[in-house]
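This briefing walks through a protein model topic by topic, for a reader who wishes to follow each point on the coordinates. Please keep the sequence and the structure in view while reading.

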Amino acid sequence: MSWWEGVQESRVLVAPDPGTNGNGLGHMILLRHPRSGNATQYLFVNGMLQEFQWFKNLYGSWFLGDYTSEDGRLYLSTPVDPVFIMLPIFEEARMKKGDDLGKFRQLDEILFIDGYPGYQQLTSLVENCMQVVCEVKEVGSIKFFRLDDTKVLRWLCYKVCQLKQTLPKLDKNYAVQSEKDTLVDAVSILGEYLNEEHWLQPLCNHLKLNILEVTGKAQANAEESNPPGLYNVQQEQSDDKKGTIVKKGRQAKKIKLETESHNIKDMFSRASRRKK
């Protein structure tokens, strides 16, 4: 089964070609969003985990073969560090209480999440990437993992430094603002992927930042980048029940499924008959 099969509506997605440099396999998998915990679709292709972003002009649609697709959004799949996605899963798995550091668990146990079989497809990827934030013990050929708070904070600080150095290269506006503002922007971007209590608050404390300033920007970034329909499954299901979408204060618009699209050939044939 191809990764795009089962999609009810046609959308335009720019994504890596599974057959170009990989093994020809790609999967749409359902995982928990690391910040909200909502069911979210990701693309796992060529051994890389990708999230969905979207862009839409005020007016627009797509010509797809002989049909028009009313959804004029352009969806993009972009790589996401799987450590962000796995942090809440490993946090729950260690069952930490108070000053207790928690338990070491086998990877198969950690990735067995009821209702989310997609995690088990990421076993080899997770085994390699999570060692940077975990203590690992080997008993024979079996590895046991336990999340390490110190390693996580060190890894998050490294990510902040990388992003802080990259932002001025992407947008000249960052070059003229203060170093603290750039730092707040970098942390707020990472904040889109972090649980506030477990990771964002300790990170802000370590960097001596006001978390209210950081979370305000993180929320704004999340609202702008949430692609309805592909990104957040629960939001899509809620929209289907309501029959309307409300975004940034605009008037609610009823959802029209692709079944109402028109065949382009029929449109031209009708125009030809009128001329005759």
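## Strand pairing, helices and packing

In this predicted model, seven bridges hold strand β2 (residues 26-32) against strand β3 (residues 39-45), and the two pair in the antiparallel sense. A second group of strands, an open sheet with the order β8-β10-β9, also has antiparallel pairing, and the points below take up these strands before turning to the nonpolar core, the aromatic pairs and a few individual residues.

**Strands and sheet**

- Within the pairing of β2 with β3, Leu31 has Thr40 of β3 as its bridge partner.
- The hairpin that β2 and β3 make has six residues between the strands, and Gly37 in this hairpin takes a positive phi near 80°.
- The open sheet is built of three strands in the order β8-β10-β9, and its edge strands are β8 and β9 (134-139), each of which pairs on one side only.
- Strand β10 (residues 142-147) runs antiparallel to β9 and is joined to β9 by six bridges, with Lys143 of β10 serving as the bridge partner of Glu138.

**Nonpolar core**

- In soluble globular proteins, nonpolar side chains tend to be buried together.
- In this model the largest nonpolar core has 52 residues, and those with the most contacts inside it are Leu49, Phe90, Leu122, Met130, Leu147, Val187 and Leu194.
- Helix α1 contributes the largest share of this core, namely eight residues.
- Met130, when its neighbours within four places in sequence are left aside, is in contact with Val83, Met86, Phe90 and Leu147; Phe90 and Leu147 are also listed, together with Met130, among the core residues with the most contacts.

**Aromatic pairs**

- A search of the whole structure finds four aromatic pairs; in one of them, the rings of Phe84 and Trp155 have centres 4.7 Å apart and planes at 55°, so the pair counts as tilted.
- Because Phe84 lies in helix α1 and Trp155 in helix α4 (residues 149-170), this pair ties together parts that are 71 residues apart in sequence, and both Phe84 and Trp155 are buried.
- Phe84 also pairs with Tyr193, with ring centres 5.3 Å apart and planes at 35°, so this pair is likewise tilted.
- Since Tyr193 lies in the loop between α6 and α7 (196-207) while Phe84 lies in helix α1, the pair ties together parts that are 109 residues apart in sequence, and both Phe84 and Tyr193 are buried.
- Phe84, Trp155 and Tyr193 together form one aromatic cluster.

**Helix α6**

- Helix α6 (residues 179-190) has 12 residues and reaches 17 Å from its first C-alpha to its last, which is close to the 16 Å expected at 1.5 Å a residue.
- Its buried residues are Thr182, Leu183, Val184, Asp185, Ala186, Val187, Ser188 and Leu190, and one of these, Val187, is listed among the core residues with the most contacts.

**Arginine residues**

- Arg73 lies over the face of Trp54, at 5.4 Å from the ring centre.
- Arg94 has its place in the loop between α1 (82-93) and β8 (105-106), and because its relative accessibility is 4%, Arg94 counts as buried.
- Leaving aside neighbours within four places in sequence, Arg94 is in contact with Leu101, Gly102, Lys103, Arg146, Leu147, Asp148, Asp149 and Trp199; of these, Leu147 is also in contact with Met130.

Terms used:
Residues numbered from 1 in each chain as written. Predicted model: local features only at pLDDT ≥ 70, side-chain atom pairs only at ≥ 80, totals over all residues. Heavy atoms only, no water. Helix = DSSP H or I, 4+ residues; strand = E, 2+ residues; numbered from the N terminus. Expected span 1.5 Å × (residues − 1). Buried < 20%, exposed > 50% of the residue type's maximum accessible area, 1.4 Å probe, protein only. Contact = heavy atoms within 4.5 Å. Phe/Tyr/Trp six-rings, centres within 6.5 Å; stacked < 30°, edge-to-face > 60°. Lys NZ or Arg CZ within 6 Å of the ring centre and 35° of its normal. Core = buried A, V, L, I, M, F, W, Y, C linked by side-chain atoms within 4.5 Å. Pairing = 2+ DSSP bridges.
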